[in-house]
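Reader: Before we discuss the labels attached to this model, please show it to me, and then take me through the reasoning behind each one.

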Amino acid sequence: MSVEIPYITKPRPDTGLTNGKLGVWLFLASEVMLFGAFFSSYAYLRAGNTWDDFAFGRPGIEIAADAHADEHADEHAEHATDDHHGDAHGEATAHGGHEGLSTPLQPSIPMATFNTIVLIASSVTVVLAWASLLLKNFGRFRLYWGITIAFAFVFLVVKYFEYCGKFAHGFYPKTSPLLGLYFLMTFLHVIHVIGGIIVNGYLLGPGSKMWKTDPERFTQRIEVAGLYWHFVDLVWIFLFPILYLLSG
Amino acid sequence: MSLKGFHVVFVTASALLALGFGVWCFTSPLASSAGYRVAGAVAMLAAIGLVIYGFAFYRKISEIQR
């Protein structure tokens, strides 16, 4: 005996949504609260600290070198040791010891900009994939869905190099409130991107068999996965200006 | 909200970000190099492009769903 689950492809009369869509929106609501807490923490910590303490850490916390210019890293380390030994790091910044570096995230802005373009493009390909299914073009769907996954991998690779750059210059989560929140929020976002790759990969691979047996339900699944992916990208749309552009 | 609606919201947010980034490139002391001026101009054009894309997308997907 089999039980038929209602409202998989037809909207529920009470909510006007299908089961899957209702579920994903409830999940996304909880995600808004999760990320919202970190955005609030950012505002609270930034308002409660001087800029130098917030961005570079408390006086006495030693930062290995200037993240502004790789080629001058050694020279800057020497400056920091000779001229500002045991002194406030903020003072070094104020006296030009960092050659105009206003934030440890400043060197990452080009990479973050590139990643923003990548994620916006991936949201476009998600919608194109969904539209391809509405037009019953499964081959085109596979192409766009595959490109979306490729974009997600590109994002992760760029993020890897961004993190490596930070670590190479002695910038760690413990260095300052700004860097603590930067690593926390961006890594949480990275986890969501990885989750998206897993789900989207399943729908491109084994999950795509459903297209032959129940195309309407499969299209519904793609729409739900697309909603999640849009949310992940929308979070980045907020993270990018707040963490990078406004951090100076 | 359907994916169609959410995509429109997303494109709107992206266009606003592109516009904001363009302004930032021309005004922020962090964006001091000449490359940022070019990036700012490109971002402004991208903002216009995203608005055009948003309208085109909405029209096209509404046709498909009919």
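Author: Let us begin with a cut-off: a residue is called buried when its relative accessible area is under 20%, exposed when that area is over 50%, and partly exposed in between. Please keep in mind that this is a predicted model.

Reader: Why is A:Ser122 called buried or exposed, as the case may be?

Author: A:Ser122 has a relative accessibility of 0%, and buried means under 20%, so A:Ser122 counts as buried. This serine is placed in helix α5 of chain A, which covers residues 109–134.

Reader: What makes the approach of A:Ser122 to A:Asp233 a polar contact?

Author: The side chains of A:Ser122 and A:Asp233 are joined at 3.3 Å, and the cut-off for such a pair of N or O atoms is within 3.5 Å. A polar atom of the A:Ser122 side chain also lies 2.7 Å from the backbone oxygen of A:Leu119. If neighbours within four places in sequence are left aside, A:Ser122 is in contact with A:Thr148, A:Phe151, A:Trp229 and A:Asp233.

Reader: Why is A:Cys164 called partly exposed, and why does B:Cys25 count as buried?

Author: For A:Cys164 the relative accessible area is 31%, and partly exposed is the class between 20% and 50%, so A:Cys164 is partly exposed. B:Cys25, by contrast, has 0% relative accessibility and therefore counts as buried.

Reader: How many disulfides are found over all chains?

Author: A search of the whole structure finds 0 disulfides, the criterion being a pair of cysteine sulfur atoms within 2.5 Å.

Reader: What makes up the contact between chain B and chain A, and how much area is buried there?

Author: Chain B brings 20 residues to the contact and chain A brings 33 residues, while the area buried between the two chains is about 2300 Å², with 84% of it given by carbon and sulfur atoms. In chain B, the residues that lose the most area to chain A are B:Leu3, B:Phe10 and B:Leu30, which together account for 31% of what that side buries.

Reader: Which polar links and which helices belong to this interface?

Author: Between chain B and chain A there are 5 residue pairs in polar contact, counting pairs with both residues at pLDDT 80 or more, and the count of salt bridges is 0. On the side of chain B that touches chain A, α1 (3–27) and α2 (34–65) each supply at least two residues, and α1(B) gives the most, with 10 residues. The residues of that side divide into 15 nonpolar, 4 polar and 1 charged.

Technical notes. Residues numbered from 1 in each chain as written. Chains lettered and ligands numbered in written order. Predicted model: local features only at pLDDT ≥ 70, side-chain atom pairs only at ≥ 80, totals over all residues. Heavy atoms only, no water. Contact = heavy atoms within 4.5 Å. Buried area = accessible area lost by both parts, 1.4 Å probe. Salt bridge = Lys/Arg side-chain N within 4 Å of Asp/Glu carboxyl O. Polar contact = N/O pair within 3.5 Å; in protein donor to acceptor, adjacent residues only side chain to side chain. Helix = DSSP H or I, 4+ residues; strand = E, 2+ residues; numbered from the N terminus. Nonpolar A, V, L, I, M, F, W, Y, C, P; charged D, E, K, R; others polar. Buried < 20%, exposed > 50% of the residue type's maximum accessible area, 1.4 Å probe, protein only.
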